[in-house]
Structure formats: C-alpha cells, structure tokens
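Open the structure in your viewer and get ready to make a few selections. We will go stop by stop, with a short note on what to find at each one.

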Amino acid sequence: MDLKDLYRDVILDHNRQPRNFGSLEPADGRADGHNPLCGDRLSVFVRLDGERVADIRFEGHGCAISTASASLMTEAVKGKDRAAIAGLFNKVHALLTQPHAAADAELGKLAALSGVREFPARVKCASLCWHTLNAALADGAATVSTE
Amino acid sequence: MAANISPVPRAAAVPAHAPVLDAARVRRDFPILDRLVNGQPLVYLDSAASAQEPRQVLRAVEDYATQSHANVHRGVHALSQAATAAFEGARERVRRFINARSVREIIFTRGTTEAINLVAQAWARERLGPGDEILITALEHHANIVPWQMVREQTGCELKVAPIDRRGELLWDEFLKLLGPRTRLVAVAHVSNALGTVLPVERIVDAAHAAGALVLIDGAQAVPHTRVDVQAIGADFYTFSGHKLYAPTGIGVLYGREALLGAMPPWQGGGDMILSVSFEKTTYNELPYKFEAGTPNISGAVGLAAAMDYVEGLGLDAIAAHEQRLLAAATAELTRLPYIQLIGTAAHKASVLSFTMTGVHAHDLGTVLDAQGVAVRTGHHCAMPVMTFLGIPATARASFACYNTEDDVARLVAALARAREVFV
C-alpha cells in the first residue's frame with residue numbers, strides 16, 4: 001500500500017487550504033451531512049442562477065479525504081447546471097467504487113480521488129459531500145419552485 | 001476543538017518486586033504477530049478492541065474439535081460426555097478466575113453486551129417502573145448505555161448519568177449526589193475503554209449498597225489487566241468478554257449473585273434451559289442453565305478456559321506490571337511530541353492511550369499508521385458521549401497487552417512522526 005495513492009498532493013493541498021470554505025448567507029439551498037461513524041460533519045450552501053449553481057461553499061470538519069473531496073467538489077460544480085452536476089456525481093461515484101474505472105477527462109482534479117477505492121473504509125468520507133450537495137440542491141429546488 | 005492538554009498522568013505505581021514478563025518469549029506464543037502488514041512487521045496496538053489468541057488457546061480449541069466435540073448435556077455417548085465435561089470444566093475455570101462462590105453464578109453469554117442485556121431484560125425490565133432510577137457514568141461504552149435506555153422505554157424508569165472531569169475521572173461528589181433512595185441499579189465500567197480510567201468499583205459498590213441499590217460492573221476492559229475477585233469487589237453482577245482476554249470471539253460471562261439470578265425469570269426460551277416441557281406447562285432448569293437457552297458456544301468456553309490458564313501462567317501481576325511499564329514509556333514519549341494531545345489522563349489507568357494529533361484527523365492518522373504496520377483503533381470507541389463531552393469527534397487509541405514491547409512503542413512514535421510529515 002502506497003500512502004501517496006490515497007494522499008495525493010492535490011488532496012493534501014485541498015485539505016490544508018480548502019477552497020470555497022465558509023457559509024453563504026442567504027443561500028438558495030443548504031444541507032448538513034453527518035457521518036456518525038467517524039464524526040465527520042459538513043454543511044453545503046448553494047446559490048442558484050436558474051438551473052445553474054452560481055456559487056457554492058462548504059464548512060465543517062472531517063478527515064483529509066472528506067475535506068479535500070468537498071473542496072474539490074465545490075471547484076468542480078461551480079457554474080455547472082443541475083444536469084451536468086448529476087452526471088459528474090455519477091462519474092465520481094464510479095471512480096470511488098468501481099475497481100478499474102478509467103479516469104474520465106471531465107473529472108479533472110477530482111481524478112485525484114481514485115486512490116480512495118483501495119481503502120473501502122474511506123469511500124464514505126469522499127462521498128459524504130456529494131450526498132450533502134444533492135440534498136442542498138433538492139432543498140434549493142423546493143425553494144425555487146415556490147417562487 | 002477543546003481537546004484537553006493535561007499534565008502527564010502519574011503512571012500507576014509498579015511495585016519494585018513485580019515479576020518480570022519475558023515479552024519476547026510471550027510473543028512466540030502468538031502466531032499472528034509474525035505476519036507482515038503492508039510490508040511491515042505488525043505492531044498490534046488494538047488489543048482493547050480484541051486481543052490476539054496464543055497457540056495454547058488455538059490448540060485447546062482444536063483439541064476439543066478433533067477429540068471431544070458433540071452437543072452438551074444430552075447424549076449418553078462418550079463424546080457428549082467429553083464435551084459436557086469440557087464445557088462444565090470451563091465454567092469451573094471461570095468461577096476460580098473471578099472467585100465466584102459457585103458455578104451456578106457463572107452464565108456463559110456471547111460477550112459483555114449480551115450479559116448486560118440479559119440483566120437489563122431479566123432483572124431491570126421485570127422490577128423497575130416509573131420513579132425508579134438506573135445510575136451510570138459518562139464514561140460508559142454504548143453496551144452499558146443502550147440496554148438501559150431500552151429498559152427506560154419499557155418501564156418508564158429514569159436513567160441518570162454521573163459526570164466525569166476532563167481528565168476522565170468520575171466526579172465522586174456528583175456521583176454521590178445522584179445516588180439516592182430511588183436508585184435501584186448502578187451500572188458502571190470497571191475500566192473505561194475509550195480513556196483507560198480505572199473506576200473505584202469497591203467504593204462504588206459500598207456507596208450503592210448503602211443506598212440500597214444493586215451494582216452491575218462492565219468488566220470487559222478490566223479482566224485482561226487486573227485480578228478480578230467478584231466477592232472482594234462485592235459486585236452483584238459482573239460481565240466480561242473472552243476475546244479481550246486472548247480467547248475467541250463469541251464467548252463471554254455474566255456473573256451474578258446466586259440469590260439474584262435464582263429469582264430472575266429466564267430471558268430466552270429453548271432447549272437446555274428447561275427441565276420438562278409440555279404444551280400446558282414448562283418447568284425451567286436450575287442455575288446456570290436457566291439462562292443458557294440453545295446449544296452454547298462450547299468451543300468458545302473451552303478457549304476461554306485455556307486463555308485463563310494462559311494469563312494465570314504468565315501471572316496477572318506480571319502482565320499488569322509489564323503493561324504499566326509500556327504505558328508509562330509511551331505516555332512519556334507522546335508527551336514530548338508537541339503536536340500530540342493525550343486524551344484521558346486519570347491518575348489510575350489501564351494500558352490504554354487515547355490521543356489526537358494537531359491538524360490531523362484520527363482516521364487519517366489511523367490510515368497512515370496502518371501503512372506502517374501499526375494497528376491502532378480510531379474513532380469514537382463506541383463511547384460517543386465521551387467524545388461529545390471532550391468536544392472531539394474521534395481519537396486514536398493505542399492499547400498495550402502482554403505481547404507488546406518497548407520496540408512497539410518506538411515504532412508507534414516513529415509512525416506518528418511520519419504521519420505528521422505527511423499532513424503538515
């Protein structure tokens with residue numbers, strides 16, 4: 001086992017200096033994610049422009065994998081619309097769980113998470129932020145539809 | 001983050017005359033310690049979760065399976081009698097190990113958790129109601145919290161929690177304040193699994209009995225490290241697991257005073273726990289069989305008895321002294337690392353060292369240590385309320401057993417330094 005497969009430089013960098021860290025007030029959608037097994041907690045805030053995520057931030061605390069994954073996610077989805085984000089989520093999910101998933105060019109820096117699949121105990125760390133984003137977008141949809 | 005940085009705890013005094021354990025020789029009894037993990041010689045520092053088994057235990061289980069196995073308490077044939085003798089011999093071995101008065105006070109269970117649930121359902125659920133109170137401490141493992149919450153749901157009784165301080169010590173005066181005429185049961189750990197604190201169980205028993213309450217002690221973390229005499233402690237119920245005492249998983253013990261167990265209804269129904277069954281009426285078996293429905297874990301009991309022979313062969317005093325030396329050495333080493341915070345610094349501790357590293361989550365730490373062959377437990381240690389109280393999501397926990405050495409401590413320290421390099 002090579003630790004560098006899991007803790008790539010991109011991941012260590014995003015753990016040390018998470019991008020888009022903080023809250024958004026007001027936000028069109030927000031959700032809290034919690035992994036009770038390891039105590040990771042994070043909140044995702046989104047501001048929408050129609051179907052598009054105009055701005056996104058997250059805050060909370062967790063392990064390096066969970067923090068870096070959330071940070072990378074915010075960079076990857078900012079400016080994308082819901083459909084594109086759903087497509088990206090599927091690709092990230094495949095990357096984290098399928099044994100020989102080829103890194104899709106569209107993943108960009110998210111491909112750094114490919115080492116996580118060798119550490120089954122850590123897959124949930126990397127996917128928590130994506131599930132939380134989905135919940136935030138659902139919350140946002142509800143808000144948008146009432147307007 | 002509110003991790004407490006306390007002064008170095010005073011390690012429990014090691015008597016000058018304490019027998020010396022030859023750890024190098026002990027290690028040869030544990031085949032698993034020879035394997036490599038991630039290409040490195042294994043440093044196993046997770047015995048508080050589950051200890052490894054020595055050849056003596058493995059051999060006893062194999063001998064039983066190859067020479068004596070059949071069902072117990074049933075057949076007239078030779079193997080059934082041999083199996084019954086092995087199983088009941090194990091019960092007598094357990095009785096001697098904890099100095100119970102009678103084998104009728106020794107109930108085999110799957111482990112500590114099942115033993116506590118048995119008391120919760122067969123004693124507490126039967127006897128408690130609104131106005132009654134169960135008193136536990138803030139140090140408890142989930143196994144000594146959740147069964148009582150279930151009883152609270154079932155009976156309407158109350159569950160009180162005696163607080164601890166930031167070192168992990170029970171606040172004695174607060175405990176006494178919560179102990180009152182409504183307290184029917186005090187359920188406490190003998191040793192905290194998350195922090196290593198040794199609780200003053202004799203004082204707790206005296207105070208509880210003076211208040212008219214019974215006492216259940218969760219001894220899962222105590223039995224591997226200290227001589228337990230249930231009569232000297234005065235416990236009404238004492239529970240522990242085999243697999244933390246170098247025995248197989250799936251076997252544990254409930255000790256209960258005979259008068260209490262005798263007055264309790266059975267918990268589970270089935271074979272072995274009956275004397276006679278008709279569709280009109282079933283007569284329950286006597287103690288201890290009344291609480292052992294179904295075919296028991298015979299080979300597990302055989303393994304547990306062999307493990308008790310093994311630790312008494314090494315000497316529990318020698319094991320305890322050895323582990324305390326390692327704990328003192330590891331505590332001193334980790335205290336020198338400015339980026340490590342020790343969590344749980346009670347004056348009297350078992351060989352459990354919980355800690356956090358500045359800027360590094362416990363799970364990342366666990367992964368980096370594992371890559372270097374060092375196995376520690378990371379997380380909340382099934383003691384979420386302890387973590388919440390201390391304001392931390394998780395810790396890393398190294399625990400020392402009879403087969404650990406000074407070299408293991410050095411490997412841990414080196415692995416921590418490497419983890420620090422990776423993340424900071």
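What follows is a tour of a predicted model, moving from its nonpolar core to contacts, backbone features and single residues.

**Stop 1: the core**

Begin by selecting A:Val44, B:Val119, B:Val186, B:Val215 and B:Ala307, the residues with the most contacts inside the largest nonpolar core, which counts 178 residues. Now add helix α10 of chain B, residues 298–314: this helix gives the core its largest share, ten residues. Colour chain B by domain as well, and you will find that both domain 1 (23–49 + 315–423) and domain 2 (57–312) supply at least three residues to this core. As general background, nonpolar side chains tend to be buried together in soluble globular proteins.

Stay with A:Val44 for a moment. Which residues does A:Val44 touch, not counting those up to four places away in sequence? Select A:Arg30, A:Ala31, A:Ile56, A:Phe58, A:Cys129, A:Thr132, A:Leu133 and A:Ala136 to see them.

**Stop 2: two crossing helices in chain A**

Next, show helix α2 (residues 9–16) and helix α3 (residues 64–77) of chain A. Their axes come within 8 Å and cross at roughly 90°, so α2(A) is roughly perpendicular to α3(A). To light up the contact, pick A:Ile11, A:Leu12, A:His14 and A:Asn15 on α2(A), then A:Ala64, A:Ile65, A:Thr67, A:Ala68, A:Ser71 and A:Leu72 on α3(A). Colour these residues by class: six are nonpolar, four are polar and none is charged.

**Stop 3: where the chains meet**

Zoom out until both chains are in view. How many residues does each chain bring to the contact? Chain A brings 13 residues and chain B brings 14 residues. On the side of chain A that touches chain B, look for ten nonpolar and three polar residues, with no charged residues.

**Stop 4: the two domains of chain B**

Hide chain A and return to the domain colours. The domain assignment divides chain B into domain 1 (23–49 + 315–423) and domain 2 (57–312). Taken over C-alpha atoms, the centres of these domains are 28 Å apart. Their contact takes 23 residues from domain 1 and 23 residues from domain 2 of chain B.

To see what domain 1 offers here, select α11 (316–335), β14 (352–357) and α13 (384–390) of chain B, the elements that each give two or more residues to the side touching domain 2. By class, that side of domain 1 has 15 nonpolar, six polar and two charged residues.

**Stop 5: backbone features to look for**

A little background helps here: most residues other than glycine have a negative phi, and most peptide bonds are trans. The next four selections depart from that pattern in one way or another.

- Bring chain A back and select A:Glu25 and A:Pro26, which are joined by a cis peptide bond with omega of about -5°. A:Pro26 sits in the loop between α2 and β1 (29–35) of chain A.
- Move to chain B, where the peptide bond from B:Leu287 to B:Pro288 is cis, with omega near 0°. The loop between β12 (282–284) and α10 of chain B holds B:Pro288.
- Select B:Tyr246, which is not a glycine yet has a positive phi of about 70°. Its loop runs between β9 (237–241) and β10 (252–256) of chain B. B:Tyr246 counts as buried because it has 28 C-beta neighbours inside 10 Å.
- Then select B:His381, a residue other than glycine with a positive phi near 60°, in the loop between β16 (377–379) and α13 of chain B. With 22 C-beta neighbours inside 10 Å, B:His381 counts as buried.

**Stop 6: two residues of chain A**

Is A:Ile85 buried or exposed? A:Ile85 has 23 C-beta neighbours inside 10 Å, so it counts as buried. You will find A:Ile85 in helix α4 (residues 82–97) of chain A. Leaving aside neighbours within four places in sequence, A:Ile85 is in contact with A:Val53, A:Val77 and A:Lys80.

For the last selection, choose A:Leu37 in the loop between β1 and β2 (40–49) of chain A. A:Leu37 counts as partly exposed because it has 13 C-beta neighbours inside 10 Å. Draw a line from A:Leu37 to A:Gly22: these residues are 15 residues apart in sequence and 24 Å apart in space, C-alpha to C-alpha.

Conventions: Residues are numbered from 1 along each chain as its sequence is written. Chains are lettered from A and ligands numbered from 1 in the order in which they are written. This is a predicted model: local features need pLDDT of at least 70, side-chain atom pairs count only at pLDDT 80 or more; totals for chains, interfaces and linings use all residues. A nonpolar core is a set of buried Ala, Val, Leu, Ile, Met, Phe, Trp, Tyr and Cys residues joined through C-beta atoms within 7 Å. A residue is buried if 20 or more other C-beta atoms lie within 10 Å of its own, exposed if 12 or fewer, and partly exposed in between; C-beta atoms are placed from the backbone. Helices (H or I, at least four residues) and strands (E, at least two) are DSSP runs, numbered from the N terminus. Domain bounds come from an automatic or database domain assignment. Two residues are in contact if their C-beta atoms, placed from the backbone, lie within 7 Å. Axes are lines fitted to C-alpha atoms, for helices over the stretch in contact, and angles run from 0 to 180 degrees between N-to-C directions. Angles under 35 degrees count as roughly parallel, over 145 as roughly antiparallel, 65 to 115 as roughly perpendicular and the rest as oblique. Ala, Val, Leu, Ile, Met, Phe, Trp, Tyr, Cys and Pro count as nonpolar, Asp, Glu, Lys and Arg as charged, and the others, Gly among them, as polar.
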